[in-house]
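Thanks for sharing this one with me. Here are my notes, set out as short points to read alongside the model.

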Amino acid sequence: MDLLIKGGHLLSGDRADVLVDGGEIIAVGAFPATDAAEVIDADGLVVAPGLVDGHRHVWQAPLRGIGADMTLPDYLVTVLGRALPAYSPHDAHLATLLGAAEALDAGITTIFDWSNATRTPEHTDAVLDAYATAGVRAVVAHGNPDDERDVRRLAGLRGRVTGALAILGTEYGPWDDAVRQIELARELGLVASMHAGGGPASPLRRMDEAGLLGPHLQLVHLNALTGEDAKLLVDRGVGVIVTPVVEATMGHGASSFSRFADAGGRAGLGTDVVVNAPPDLFEPMRDTLRSHRAHNGTTHPAGAILAAATIDSANAAGVGDIVGTVTPGKRADLILLGGLTHLLDTGDLAGAVVTTLGPADVHTVLVDGRVVKRDGRLVGLDLAGLRRSTVELARRAHEPVTQAVRAR
Ligand SMILES: [Zn+2]
């Protein structure tokens, strides 16, 4: 066996070793250290599934914090309209590396990358190259879904980096385009992800009549989701991702997490953008806990929210059968968390993770059984160096944004 993670505590509170071989979780139980080539001492640490970011525009990593007061129209005009076209393939490569490094540092082992940056096949090459280096698991949702040849190339990917479609959808783009693109996703066995508001005037019923709803479709935000539409989405198995921090900061409206849950659905969580939100999933988890308790009462268990940032996000990203839980047969995407040594034998570990931990508590991270963060430091990725190397890009991409904001 390749690897044994020894002496850690699972979220259930049970002490257990995790045996890994060929990047896969082989068994969870008690094993002698001699069973594996490498042993990671997890004594005093919590062993949890890696976090799964269900919606992130990774290319924006160098633009962190530029839009504290941005509204959605500001964002569309400046970040998508002006900053994005300034990205060369080399920029997309560096930005994706930085975003992946920030994600891994925060314990995010899978990213559903809503990659507006894949504007040309050369940009797609650059993004895929970045993920080959970064070591994070990525579902790269192609941002130019009418480039069918390039989309088909993503559909052929197997392993740690796979493909999806990022489409404008039925609220932000022409109906016929959305139909064609959703049908292409279904044909290729990919997830098509689109932003959506929902609400009484939403096209969800029409989409249902056209046979477009199903597990191959993922809807993001849905802040105006109605109870009836929530039921429809649950019945059709449509994936839902909420990004509550950005939604509240930019005024999209209340998170649809609880309304979707009322209908029996399980929404996943995303970070979305870092122009005005942090690059980790701890804050979206806490935000969701607070709004869900306001909706359901304060006895709702905090630890239950952890599923939203792991297996529920994984399901909506189309990778729930391979990651999202610490289960034999799944890929070894795992995080070891510190800060809770005093609670290990007696406490509600999942609840403590959701309510009190942050990126600084992410001690060790594995993706596909490979250590990508060890003892609090990234392995093979220089986060500070990547930040420095994207400063010029950030200034160049940011300049038209500041000009536009000043001109208002
Ligand atoms: Zn988005």
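1. How many Å separate the centres of domain 1 and domain 2, taken over C-alpha atoms? The separation is 27 Å. An automatic or database assignment supplies the domain bounds: domain 1 is 3-48 + 329-378, and domain 2 is 51-316.

2. A word on ground rules: this is a predicted model, where local features need pLDDT of at least 70, side-chain atom pairs count only at pLDDT 80 or more, and totals for chains, interfaces and linings use all residues. Residue numbers start from 1 along each chain as its sequence is written.

3. Now the strand S8, residues 137-142. Of its 6 residues, 6 are buried (20 or more other C-beta atoms within 10 Å of a residue's own, with C-beta atoms placed from the backbone). Arg137, Val139 and Ala141 lie on one side, with Ala138, Val140 and His142 on the other, and both faces are covered. In a regular strand, side chains alternate between the two faces of the sheet.

4. S8 has neighbours to look at, where pairing needs at least two DSSP bridges between strands. Strand S7 (residues 108-115) pairs with S8 in the parallel sense over 6 bridges, and strand S9 (residues 161-166) does so over 5 bridges. Ala138 is the bridge partner of Ile111 and also stands opposite Val161 in S9.

5. Back to the domains: the contact (C-beta atoms, placed from the backbone, within 7 Å) takes 20 residues from domain 1 and 22 residues from domain 2. On the domain 1 side, helix H13 (349-356) is among the contributing elements and gives the largest share, 5 residues.

Note on methods:
Buried ≥ 20, exposed ≤ 12 C-beta atoms within 10 Å, placed from the backbone. Helix = DSSP H or I, 4+ residues; strand = E, 2+ residues; numbered from the N terminus. Contact = placed C-beta atoms within 7 Å.
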